[in-house]
Amino acid sequence: MPSYIPENYNLATGTKWYMIFPFQKIDSTITSENIALNLFNFSLPEVSMGETEFGIRGVQIPVPNGVRDESKLITFNYILSANWYQYKLLYKWFSQIANECGGQTAPEMMDYMLDVTVMIISEYKNPLFEIVFHNAWIKNMAAVDFNYQDDDEVIHHSFDINFSHYTIKNLIEEPCYC
């Protein structure tokens, strides 16, 4: 009977993830260094390679051009805490960016961009790797439905962020700059 090492089982069913925000940049009254959100759903951006056509004897052959082609928008779904603390912080972040009286200048906007980290942990709560979305800013906060007809005991919420690039740490030996 062949033996298998645990890395080959292909059973990542117990994997969990959570998001870490350095919200002291947004609200200096926060006593903890970071705030965590209990994510229940998100998708890593699709990664694809750009291509260019190369012609040989009249036949066009696609070849990679070395440029990554991907979306810079990601949606996160999380579980609200009982006191709506995470929602309040997200709304404060959104309100600081959305200036109803006029636009922000570029240096002021940089003040509200954060490096947002998603930590992937094993079923035993050991860190596996982390994804850091650099220069992120909140673009959209989804509606929250209030309904007595729902049987759910928890309230879910989602929001979108834009980011300049992301890095994946500890997935491979050298960081992946995406």
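Rings of Phe, Tyr and Trp (its six-membered ring) count as a pair if their centres lie within 6.5 Å. Keep that in mind for the exercises below, which work through a predicted model.

**Exercise 1. Find out which residues the ring pairs link into a cluster, then look at two of the pairs.**

*Solution.* Start with the whole structure: a search of it turns up 13 aromatic pairs. Now take Phe42 and Phe76, whose ring centres sit 5.6 Å apart, with 35° between the planes. Planes under 30 degrees apart would be stacked and planes over 60 edge-to-face, with the rest called tilted, so this pair is tilted. Next, place the two residues: Phe42 belongs to strand E3 (residues 39–42) and Phe76 to strand E6 (residues 73–79), so their pairing ties together parts that are 34 residues apart in sequence. Both Phe42 and Phe76 are buried.

Then try Phe163 and Tyr166. Their centres are 6.0 Å apart and their planes make an angle of 75°, an edge-to-face pair. These two are buried as well.

Finally, put the links together: the cluster holds Phe21, Phe23, Phe42, Phe76, Tyr78, Trp93, Phe133, Phe159, Phe163 and Tyr166.

**Exercise 2. Check the span of helix H1 and work out where its buried residues sit.**

*Solution.* First, the span. Helix H1 covers residues 85–97, which is 13 residues. The expected span is 1.5 Å times one less than the number of residues, which gives 18 Å for H1. The C-alpha atoms at its ends are 19 Å apart, so the two values agree.

Second, the buried residues of H1: they are Gln86, Leu89, Leu90, Trp93 and Ile97. They take up an arc of only 100° around the axis, so they lie on the same side of H1. The spacing helps here: an α-helix has 3.6 residues a turn, so residues three or four places apart point the same way.

**Exercise 3. Decide for His157, Thr167 and Gln60 whether each is buried, exposed or partly exposed.**

*Solution.* You need the cut-offs: buried is under 20% relative accessible area, exposed is over 50%, and partly exposed is in between.

- His157, in strand E9 (residues 156–162), has 2% relative accessibility, so it counts as buried. Its side chain reaches the backbone oxygen of Ala142 at 2.9 Å. Setting aside neighbours within four places in sequence, the residues in contact with His157 include Phe76, Tyr78, Tyr87 and Met141.
- Thr167, in strand E10 (residues 165–169), has a relative accessible area of 3%, so it is buried too. The side chain of Thr167 makes a polar contact with the side chain of His134, at 3.0 Å.
- Gln60, in strand E5 (residues 59–69), comes to 49%, so it is partly exposed. Not counting residues up to four places away in sequence, Gln60 touches Glu53, Phe54 and Gly55.

**Exercise 4. Describe the protein as a whole, from its secondary structure to its surface.**

*Solution.* Begin with the elements: there are two helices and 11 strands. Read from the N terminus, they run β-β-β-β-β-β-α-α-β-β-β-β-β. Next, the contacts: among those with a separation of 6 or more, 60% are between residues 24 or more positions apart. Of the 178 residues, 32% count as buried. End with the surface: the accessible area is about 12,300 Å², and carbon and sulfur atoms account for 53% of it.

Definitions and conventions. Residues are numbered from 1 along each chain as its sequence is written. This is a predicted model: local features need pLDDT of at least 70, side-chain atom pairs count only at pLDDT 80 or more; totals for chains, interfaces and linings use all residues. Side-chain values use heavy atoms; hydrogens and water are left out. Helices (H or I, at least four residues) and strands (E, at least two) are DSSP runs, numbered from the N terminus. Buried means under 20% relative accessible area, exposed over 50%, partly exposed in between (1.4 Å probe, protein chains only). A polar contact is a pair of N or O atoms within 3.5 Å; within protein, one must be able to donate a hydrogen and the other to accept it, and residues adjacent in sequence count only if both atoms are side-chain atoms. The arc is that of the directions from the helix axis to the C-beta atoms. Contact means heavy atoms within 4.5 Å. Accessible areas come from the Shrake-Rupley method with a 1.4 Å probe; for residues, only the protein chains shown count as cover.
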